[in-house]
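Reader: Hi! Could you walk me through this model, with an eye on the empty spaces in it?
Author: Happy to.

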Amino acid sequence: MKRILAGILVLLGLALAQFKSEYKLSVVVAPNTAWGMGAQRFADLVKEKTGGRVNIKVYFSGQLFAGQQTNEFQLLRTGVADFAIGSTINWSPQVKELNLFNLPFFFPSYRELDAVEEGQAGKAIFQRLRQLGVEPLAWGENGYRQLTNSKRPVRTPEDLQGLKIRVVGAPIFIDTFRALGANPTSMSWAEVLTALQQGVIEGQENPIVGVIIPYKLWELGQRYLTVWNYVIDPLIFAASAQTWRTFPSDVQKAIQEAALEAARYQKALARAGMDDGTALRYLSSLGVKVEITDPLAYLRSHGVQVTVLTPLEIGRFRERVSGVVQRWMGEIGGTLIVQAEADKKRAR
């Protein structure tokens, strides 16, 4: 009798579950990026794994937040967006703990980043997001952020002196580039391409695979690239808690599985040709053909002068921003910093 009653309750719950005809997913960038392709993969997998009950439409290029990308987290927590695959940078003004990933030169390797995401610090960050009304599902990635400019090669902090560099609207980036002697200006990505073309700004910082190549920044005068891996840009696959609560447990499980699968694919796309070959091998196992397997060679073939900094050269930049790191560690919180350091140590 108990089993029959339990079965009736399950069927009743399914009958009462109301699914919207469309669920909105917010993404900052265009569909031809690793980020954008990961978003579409997630939407497709969700539809497949939920038997068509959850249909997600991806709103690319910031369509839902009208150009102000640092507003995306607020749209998600209030339910204006049902889902988002957001950059930790863009969400950090509302979630101070996410500034952990904005600390310059704090993550020297993919291995240490992965350890933090999967370890104590990553779990603590996900719990904080839940407290703020967002259900985190998986870690994706935009990549290490590199510097481009239209004026000269940058190999020392002195080379950055006075350069007008676009940064995203998170205060730590302004602090970092000021400490390096540059002239940083905060600007939403929707404005950047025009600003580069018109010479309003002279440089910017973004991942190679995620942004520099898909947007062909060399065609906008960005002829000098400095590879310095100064900041990593994780992404978070997430749902609005308001939307999440409307799904029955089997649908939640299916969406979670879709997020983990899509995130692994998306992260591999972002790292393709930039890591030790792991990403390319994984994508090959999926039957995914990557057109650009050597991103630096590809950029050189398009006339970009590539400067890859040595550990000693990176050390000079690190010294210049040590005060910024110390100040922002206090903002982020000592407990999270200790957890992250422990996670990184285990990965070495």
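Author: What follows is a short chat about the overall fold, the pockets, the cavities and two residues.

Reader: Great. What should I know before we start?
Author: This is a predicted model, in which local features need pLDDT of at least 70 and side-chain atom pairs count only at pLDDT 80 or more, while totals for chains, interfaces and linings use all residues. Residues are numbered from 1 along each chain as its sequence is written, and side-chain values use heavy atoms, with hydrogens and water left out.

Reader: How many helices and strands are there in the protein chain?
Author: The protein chain has 16 helices and nine strands. Both are DSSP runs numbered from the N terminus: helices are H or I with at least four residues, strands are E with at least two.

Reader: And what is the radius of gyration of the protein chain?
Author: The protein chain has 21 Å, which agrees with the value near 20 Å for a compact globule of 348 residues. The radius is taken over C-alpha atoms, and the globule rule is 2.2 Å times the number of residues to the power 0.38. Along its principal axes, the C-alpha trace spans about 80 × 40 × 40 Å.

Reader: What percentage of the residues count as buried?
Author: Of the 348 residues, 55% do. Buried means under 20% relative accessible area, exposed means over 50%, and partly exposed is in between, with a 1.4 Å probe and protein chains only. As for contacts (heavy atoms within 4.5 Å), among those between residues at least 6 apart in sequence, 74% join residues at least 24 apart.

Reader: On to the pockets. What volume does the largest pocket have?
Author: About 630 Å³. Among its 22 lining residues, Asp114, Glu118, Arg264, Lys267 and Arg271 are the closest to its centre. A pocket is an open set of points on a 1 Å grid over the protein atoms alone, with protein on both sides within 12 Å along at least five of seven lines; a cavity is a set where a 1.4 Å probe fits but cannot get out, and lining residues have an atom within 4 Å of a point. Points are joined across faces, edges and corners, and a volume is the space filled by probe spheres set on them.

Reader: Which element supplies the largest share of that lining?
Author: Helix 11, with six residues. Helix 5 (110-118), helix 6 (120-131), strand 4 (134-149), helix 11 (249-271) and helix 12 each supply at least two. By type, the lining of the largest pocket has ten nonpolar, two polar and ten charged residues. Here Ala, Val, Leu, Ile, Met, Phe, Trp, Tyr, Cys and Pro count as nonpolar, Asp, Glu, Lys and Arg as charged, and the others, Gly among them, as polar.

Reader: How about the second largest pocket?
Author: That pocket has a volume of about 490 Å³. Of its 18 lining residues, Asn32, Met37, Val290, Glu291 and Ile292 are the closest to its centre. Its lining divides into 13 nonpolar, two polar and three charged residues. Helix 2 (34-49), helix 11 and helix 13 each give at least two of the residues.

Reader: Where does Val290 lie?
Author: In the loop between helix 12 (278-285) and helix 13 (295-301). Val290 counts as partly exposed because its relative accessibility is 22%. Leaving aside neighbours within four places in sequence, Val290 is in contact with Ala272, Leu280 and Leu283. Val290 and Ala272 are 18 residues apart in sequence and 7.7 Å apart in space, C-alpha to C-alpha.

Reader: Switching topic: how many cavities of 30 Å³ or more are there?
Author: A search of the whole structure finds three. The largest cavity holds about 110 Å³ of space. Trp35, Gln69, Asn142, Arg145 and Asn206 are the closest to its centre, out of 15 lining residues.

Reader: And the second largest cavity?
Author: Its volume is about 60 Å³. Its lining includes Tyr110, Asn142, Gly143 and Met274. Strand 4 gives the most, with four residues. The lining has seven nonpolar, four polar and no charged residues.

Reader: Last one: is Thr307 buried or exposed?
Author: Thr307 counts as buried, because its relative accessibility is 4%. Thr307 is found in strand 9 (residues 305-308). Apart from neighbours within four places in sequence, Thr307 is in contact with Pro153, Val154, Arg155, Leu225, Thr226 and Val227.
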